[in-house]
Amino acid sequence: MPSNKKQHNKNKHKNNAGNQQNSNNNKNNTNNSSSHNAAAAVRQFEQPKKLNLSPQARIELHELIGLLLKTVYIETSNPKEEWEQYLKIQEILKRIQELEEPLKQQCSHKPKGNRLANIDKFYQWAKENGLQYENVEITEFPGYDLGLKATRDIQKDEILFGIPHKLVLSEEHEVCAFVRDFFQPSNLKLAFLLMVEALKEDSFWKPYIDLLPESYNTVLYFTVEEMTQLKGSNALAAALKQCRLIARLYAVIYHWPSSQIPMADFKELFHYDLYRWAVSTVMTRENLIPRTKPKREGDTSDTIAALIPFWDMANHRDGTITTFFNMETQQVESSAQEDYKKGEQIFIYYGDRTNSDLMIHNGFINASNPKDKISIKLGLSPSDVLFEKRAKLLELLSIPKNSELKVLPAPDFISPELLAFVRVFNMNEEQLDHWINSERAMDLLHIDCALETSLESKTWQYLQTRLMLLLRVFPQTLEEDEKQLALVKDQQVAMSSRAAMILEYRVLEKRILAAALDYAKQRTKA
């Protein structure tokens, strides 16, 4: 690619979409000129004349959100407490959603019905504002909802489309100049901006917003029953954390003083379903592009979070990153990562993601994901008499003494860091002294490192035991899940798409653990 193009990843910051933001950062910057300009710009549009929430409902809502805020700040110390906290949060949110239903109906961000019903207005808007596409169109695909289709044969590396910066919805918008004082993460600013634009009848981006999904399959939309199906899995803790975080941020935004919000009547229009939708839209579609305006005080990154209409209709397939921002033409350009025949779906590569990340933040999984991995939490005990020496050797290996280490798909099975940690964990004092003073300490990261037979045996026996325990915490066995998944895929058992995704995720995770367990057993016998 020409050197004037800057590479960027789809959903580069998706893991940060719910990053914790300290509510103590909320401060009144009404004297800040950029905040005044942002507020003035947003307050120009008219608000609905009638707000359908009674005073009694507002009182109950206020009390519930206060309870929600207290609940999400409770520190939990184990998985049981995390689950109980999640159930309490969902109970509160359910009643909040019931009370906010009139707002949801009145302030619906888009028309109901088939998304393609809005496609003509989107195309007209996009073409009038510079979208360049000749051989690609948006259409429906089974199992994908919408996607991009080749309207003629396309060769690998051929430019598919160009999207001018004018169409991009990014944190350089004046609204984000205000909320930067409330949110540090780029994606949270972008979610707030999307809410503002979704509530505006005359938003420049209305044709794009009307084409977006009404809901998503991210964990923010999981029912309690669906979340229960993740029990025992590597993904559950992260999923619960994401839900807790977004609930907390909803409560924080609700308590913002109206005078600090750059939108008239925002507090009357704001509701949880709108926020959940905006956050999920950003999590599933956000990208990073270069800045086009000078950095403000406190800005450190050369890139900004953005939503890119048309391009974000492309679905994921393993491959390489083929989307760039052309600094000369000031537009997003994407090339074909493979050959496509007329009528075939065009895919892009979202980047390296585990299935846990994809499910939590994007609402889908990749059954053939070569980048999938399972995390194992391991740590040294300060009460260990050899704690200092073990910690010192781990430091030499650049491995934290409390780590999340990875179990990998075949043929690797055990990551170098996991293997080295377990080796260090099982060393006696003499072995620790030897490797601390050795110039070849990094050899501990290699599978064929020369070690005493007893240490190597302890290492693989420890891994075997740990992997067995991880498989046993699931309520169902791998065989039971595989049988159920086969029935679902053969359409002998009816199951929602989200429940089927969770089931398949469990199968994929267990297969990785089971294969690693078999490998550890073989190494133990060797």
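Two strands are said to pair if DSSP finds at least two bridges between them. With this definition in hand, the reader may turn to the structure above, which is a predicted model.

One open sheet contains 3 strands in the order S6-S8-S7, and their pairing is antiparallel. Strand S6 (169-170) and strand S7 (287-290) are the edge strands of this sheet, each pairing on one side only. The contact between S6 and strand S8 (residues 303-307) consists of 2 bridges, and these two strands run antiparallel. At this contact, Ser 170 is found opposite Ala 306 in S8.

A further open sheet has 4 strands, arranged in the order S3-S4-S12-S9, and here the pairing is mixed. The edges are occupied by S3 and strand S9 (315-316); each has a single partner strand, so one side of each is left without a neighbour in the sheet. A general point helps in reading any such arrangement: in a regular strand, side chains alternate between the two faces of the sheet.

Within this sheet, strand S3 (residues 136-141) and strand S4 (residues 145-150) are antiparallel and are joined by 6 bridges. The two strands form a hairpin with 3 residues between them. In the turn of this hairpin, Gly 143 has a positive phi of about 85 degrees. Beside the turn, Phe 141 stands opposite Asp 145, a residue that belongs to strand S4. Asp 145 also has a positive phi, near 65 degrees, although Asp 145 is not a glycine.

Further along the hairpin, Val 136 has Ala 150 in S4 as its bridge partner, while Glu 137 is partnered with Lys 149. What distance separates the closest N and O atoms of Glu 137 and Lys 149? These atoms are 3.0 Å apart, and the two residues form a salt bridge. Side chains of opposite charge can pair in this way when their charged atoms come close. Because Glu 137 lies in strand S3 and Lys 149 in strand S4, the pair ties together parts that are 12 residues apart in sequence. In the whole structure, a search finds 25 salt bridges.

Strand S4 also has a partner in strand S12 (residues 345-348), with which S4 pairs in the antiparallel sense over 2 bridges. In this pairing, Lys 149 stands opposite Gln 345 in S12. Lys 149 thus appears both as the bridge partner of Glu 137 and opposite Gln 345.

After S4 comes a loop that leads to strand S5 (159-164), and Asp 157 is located in this loop. Asp 157 contributes to a negative surface patch, together with Asp 153, Asp 339 and Glu 344.

Aromatic rings provide another kind of contact, and 18 aromatic pairs are found in a search of the whole structure. Why is the pair formed by Tyr 123 and Tyr 133 described as stacked? The ring centres of Tyr 123 and Tyr 133 are 5.4 Å apart and the ring planes stand at 15 degrees, so the pair is stacked; the cut-off for this description is an angle under 30 degrees between the planes. Tyr 123 is part of helix H5 (residues 119-128) and Tyr 133 is part of strand S2 (residues 132-133), so the pair ties together parts that are 10 residues apart in sequence.

A final feature concerns the backbone. The peptide bond that joins Ala 410 and Pro 411 is cis, with omega at about 10 degrees. Pro 411 is situated in the loop between strand S14 (402-407) and helix H15 (416-425).

Notes. Residues numbered from 1 in each chain as written. Predicted model: local features only at pLDDT ≥ 70, side-chain atom pairs only at ≥ 80, totals over all residues. Heavy atoms only, no water. Patch = residues over 30% accessible without salt bridge, like charges linked within 9 Å, V, L, I, M, F, W, Y side chains within 5 Å. Areas by Shrake-Rupley, 256 points an atom, 1.4 Å probe, with all protein chains shown as cover. Salt bridge = Lys/Arg side-chain N within 4 Å of Asp/Glu carboxyl O. Lys, Arg positive; Asp, Glu negative; His and termini not counted. Charge placed at Lys NZ, Arg CZ, Asp CG, Glu CD. Phe/Tyr/Trp six-rings, centres within 6.5 Å; stacked < 30°, edge-to-face > 60°.
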